[in-house]
Every structure is written in C-alpha cells, then in structure tokens.
Amino acid sequence: MNIFDYYLTEINKVLFDNKDILNLKNIDNLNSTNLEVPPNHVNYDLSSNISLVLSKKNNINPNSLANSIKDLLLKKIVHFEKIEIAGPGFLNIKLSKEGLVNNINMILENKNSYGSKKSNKTFNIEFVSANPTGPMHVGHCRGAIFGDVLSNLLLFNGNNVVKEYYINDYGNQINNFVKSVYLRIREIKFKEKFILNENLYPGDYIKEIANNIIKKNKQIELKSFNESFEELKKLSLEGSMSLIKNDLKQLGITHDNFFSETELVKQKLVSKVVENLKNNNLVVEGFLAPPKGEQSKNWKKVKRLIFKSTNFGDDSDRALQKDDGSWTYFANDVAYHSHKINRKFNNLINILGADHTGYIKRISAAVSALSNEKVKLNCKVCQLVKLYKNGKPFKMSKRAGEFISVQDLLNEVSKDSIRFMMLSRSNDMELDFDFEKVKEKTKDNPVFYVQYAYARINSILRTLKKNLNDKISVNLESFSPNEYEIKILRKIFEWPKVIESAAYKLEPHKIPFYLYELSTLFHSYWSKGNEDNKFKFIEKGQVKRVESLAFIYLIATVIKNGLNILGVSLPEKM
C-alpha cells in the first residue's frame, strides 16, 4: 500500500465529481498533479501541487482555487483533518487520528509486502560480465552489487527479473588466457620456465587453475598448444568461472543465467542478425572515416559491413567487421541483444564499468533497430571505487596479478559492509571506500547504525517476550502519538515513495540513505527515553503504551524489507 497513491486517487475523484462547482473546464488529464512528502519543517503528512496545476490549466487564481479545493476535500475525505494553503496554491494536508490508525493497521497487516507495487514488467539485467580470465577485482565489485540490489528491488516491486551474466569467452584475450594456463601446466609438469610477456596473465590464480586441471585430468596430453586448445579452453574457462562464481557467492550474488559468447558464434547468430538488419536497409557495405585523432596515413581504408547506428541517435555509424573480415566485438554484442529481445524481455538493463560510457549510444541504437524501438535498453554506468585506510589511499597485496581482487576486499571487511557501502553514493559518482569507517561501531558507520537499530528492536521484543511475526494493531480510542512517533510515522509512510522512485529511476542507492534516516529517528527516540521517563518504551518489563510497540514493529518491518533488498543480514543481537 502507498498512502500517497491512495489519497491522490481520492482527491482526483473528488475534483472530477465536483468540477462544475470548482469551475474547472479542463480536468481530463491529472497526470501532472502529485501528492508528496512535505519538507521536514512543515508539520503536515501530505503535500500537493494540485491547485497550482489546475489553476494554470483553467486560468484561475491559484489561491482562490486552493481555498475552494481545501473546503471540498475537508468535507468529502474523512481522513483529512486539516489543510493549510502554502505559497502559490500548494496544499499541506494533515491526516485525522482515524486516518493515521487506519494506515498503521494496514501496514501492520501487510508487513512483508509493505512498500511494494505490483508493476509486473519483465526485465533482463546483465551485470558483472567480467572477462573470464581470472577472479573478480574491486572494479567489478560495485557493478556486481548494484546489479544484484537493483534486481532485488525490481523483484520486490512485483516484476519478473532474470539476472544474467554474459561470458566473453571468445577472441584474443581468451587465447592469451588459455596460453597462460597452458604454459603454467608445462611449468608444473615438465619444469619448463614460464616466460612472461605483455599478452600473458601473470597472477597466482593461473597456477591455481593449472594445478586443478592437472589434478582432475591426470591423462591430459599437451602435445602442442594448438592441438590442445579446444579442450584446454573448456577446462580453463571452467576454472576461471569457478573463481568468479565463488567471489560472487561470497558477496551474496547469484545469477539466473550465464550466456556464452562462444555459443553465440557457433550458432551463427551474428550472421543471422546482420542479414536481418540488411533486409531492413540498416547494414550496408562501405568505408568508415578514420577515428578522431587517428592520422589519415595510418588509417587502412577497408570496405566492410557497417551498421547505420546514426539512424538511432549514435554519433557515427559502426563497423561490424574487422580489417580481416571477422566480426567485431560490437557485432557479437548486437547478436546477443537480439537474442535477449527474442526471449521476450521488454526491458533490458546493462550495468557497465566506468570505461564503457562511450559504448552506450551504439548498443542502444542496436536495440532500437532490432526491436523496431519497442524494447527499452537502460545502461547504468558504475564509476570507480577508491580504497582508503587511515585517511590514505590503500594498496592491497594484488595476489591476483595487476589488480586488487574481491577476495582481498573480503579479507578486510564483511560482505554486509561491502554491499551497503557500495550503494552509499549514486552509481554515476566515484565512491570512496574507507576501511576504518566501515569497521566503526558508531553513527558514522551507516551499515552498523541500521543493523544496530534492528538488533535493538529485537532486544526490546525479547524483553517483552514478543516476536516480529506477532499480529498487532492500534486502537483508535487510545491512540495518542507523541512528537517523536509522528516523525517516525511520517518516515514510515515515505517508504513506498522511496521504493517507487528507486525502482522507476533505477537508483537503489536511495534505499540505504532512507534506512539510515529512519534508524537515526529510532535511535534518537530511544535516547530520549533514557533522558525522560515519559518517552521510555518499557517499564518493569512491560510496554508502557501499545502505540510505542506498534511503532517498533513498523520500524523493524521497513528495516527488514530494506536490508533484504540490499542483501544485508538482519542481526537480532550485536
């Protein structure tokens, strides 16, 4: 349930039914009207721009219209106790005691689903998709968590979601990776010296993969690299994907589907998609201009197949073939997205690293062309993470070679801290990750502060011999919330708005921000009870007021739903 949606519908109905009384000639479209959370300094429950919007459409003085609407709403909507006109026609609305009690009991009756909205859309969310040439590094970590939490958020909001990993297991980088494993096996079995060059992978994990292959395939023959390639590629990729899946598992992430680029090539999906685009006059044979900054004398002019991506908003048309006639990485990616569209996903989301920003326009153009502009592709770029310790940039062991692995990160801090803090800023901003801060047991550590609120509530319930699954309701006659409870209640009412906005804008970072604010209100209320006896929750092992117990349940409900979306644990003791 969402009180903002519910009361906006009620308001619109009253206005429509009484349009003649209000002298409203133009009321057919109310989409631009809203009901929002009032600013903190405004002591009201709801705020609407409806008078302002309708006065412009109907050429009526906004304050005059606001007064007429105010009188009508107070008469027609029983849950509205008081309405204030603010500024140029805004309405600030205070709910009656009956309205508050009704909404509290509705939330308590539907605790597990509170905040969700049955959107019922179908999403394919592709994230991580790290090259399968070794374990995950910190650069992958933020996008992995962002994609997983976004998936959880959309699932909570009633959508169908498939979490997908695209395995880039085709091309020169894979050849170099397999060559590295091959040479490590030769080194282990035949004592041949591993000679490193710029194309090979140096990390200790290559030795780990090589040792595992030897252990599990004692009869393996390595007559030559070329003869052994296909079998060794299969075994090497199994080894590297095992490392990646283990890293993901430790971060609390599982994918529904893994899609192989090699299989895409084997099934000749690229040729089929290119032919389809040709038939629609979207692929032509021609010449591309040299890339910006490229010296013309160094540019080889080769006739090739070109996708007309400028037809769909891209900056330039894109090559589908390399100089030697083989398919480009982009061509394979076009085929992969065609496969997604054919699987009947009407919303595609790609989570990309900071170095892929320039790739967005071309792949978006391809999806528009392939779907006749019916399928929407959203690309979310996760910016870099900078690690700090004691206020200084932190360098770890780089056990994996030239990068800091996720395993290194997990050795320093918990999964919960990583997941929560990776969402502590919007994905399009660089993130500073301070190891000392996430280990503190203070208000400055948001993940601790939120989990501590949940643990503290469970401590209260243990004292009262109660359980969060217990049924509870508030009685209208005895309902008399204090100022702290009103603030908490308004924050609780805001939760569906946060979910709605985070899901619509694909911005899951809104959830940890909100949970921190809610937890701060709870901790302040708790501290006030230690200062002033009238605000205490418990006295002589008994709850003093049923309202206090209800508010505790409400807070715990929202924190539980929020941390479940974030994939962060819910400690009952700390």
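**Exercise 1.** Determine which residues phenylalanine 433 touches, leaving aside residues up to four places away in sequence.

*Solution.* Contact means heavy atoms within 4.5 Å. By this criterion, the partners of phenylalanine 433 are Val385, Lys386, Leu387, Tyr388, Leu409, Val413, Ser417, Ile418, Met421, Met422 and Val438. The model is predicted: local features need pLDDT of at least 70, side-chain atom pairs count only at pLDDT 80 or more, and totals for chains, interfaces and linings use all residues. Residues are numbered from 1 along each chain as its sequence is written, and side-chain values use heavy atoms, with hydrogens and water left out.

**Exercise 2.** Locate phenylalanine 433 within the largest nonpolar core, and state which helix gives the most to this core.

*Solution.* Begin with the term: a nonpolar core is a set of buried Ala, Val, Leu, Ile, Met, Phe, Trp, Tyr and Cys residues joined through side-chain atoms within 4.5 Å. Buried means under 20% relative accessible area, exposed over 50%, and partly exposed in between (1.4 Å probe, protein chains only). The largest core has 122 residues, and Phe433 stands with Phe80, Ile418 and Trp495 among those with the most contacts inside it. Helix α18 (residues 546-566) gives the most to this core, namely 13 residues. Helices (H or I, at least four residues) and strands (E, at least two) are DSSP runs, numbered from the N terminus. A second, separate core has 34 residues, including Tyr166, Leu277, Leu282 and Leu305.

**Exercise 3.** Describe the aromatic pair formed by tyrosine 449 and tyrosine 516, and explain which parts of the chain it ties together.

*Solution.* Rings of Phe, Tyr and Trp (its six-membered ring) pair if their centres lie within 6.5 Å; planes under 30 degrees apart count as stacked, over 60 as edge-to-face and the rest as tilted. A search of the whole structure finds 19 such pairs. For tyrosine 449 and tyrosine 516, the centres are 5.6 Å apart and the planes meet at 45 degrees, a tilted arrangement. Tyrosine 449 belongs to helix α15 (residues 446-463) and tyrosine 516 to helix α17 (residues 510-531), so the pair ties together parts 67 residues apart in sequence. Tyrosine 449 is buried at 12% relative accessibility, whereas tyrosine 516 is partly exposed at 24%.

**Exercise 4.** Carry out the description for tryptophan 495 and tyrosine 514.

*Solution.* The ring centres of tryptophan 495 and tyrosine 514 are 5.2 Å apart with planes at 35 degrees, so this pair is tilted. Tryptophan 495 lies in helix α16 (residues 483-505) and tyrosine 514 in helix α17, so parts 19 residues apart in sequence are tied together. Both tryptophan 495 and tyrosine 514 are buried.
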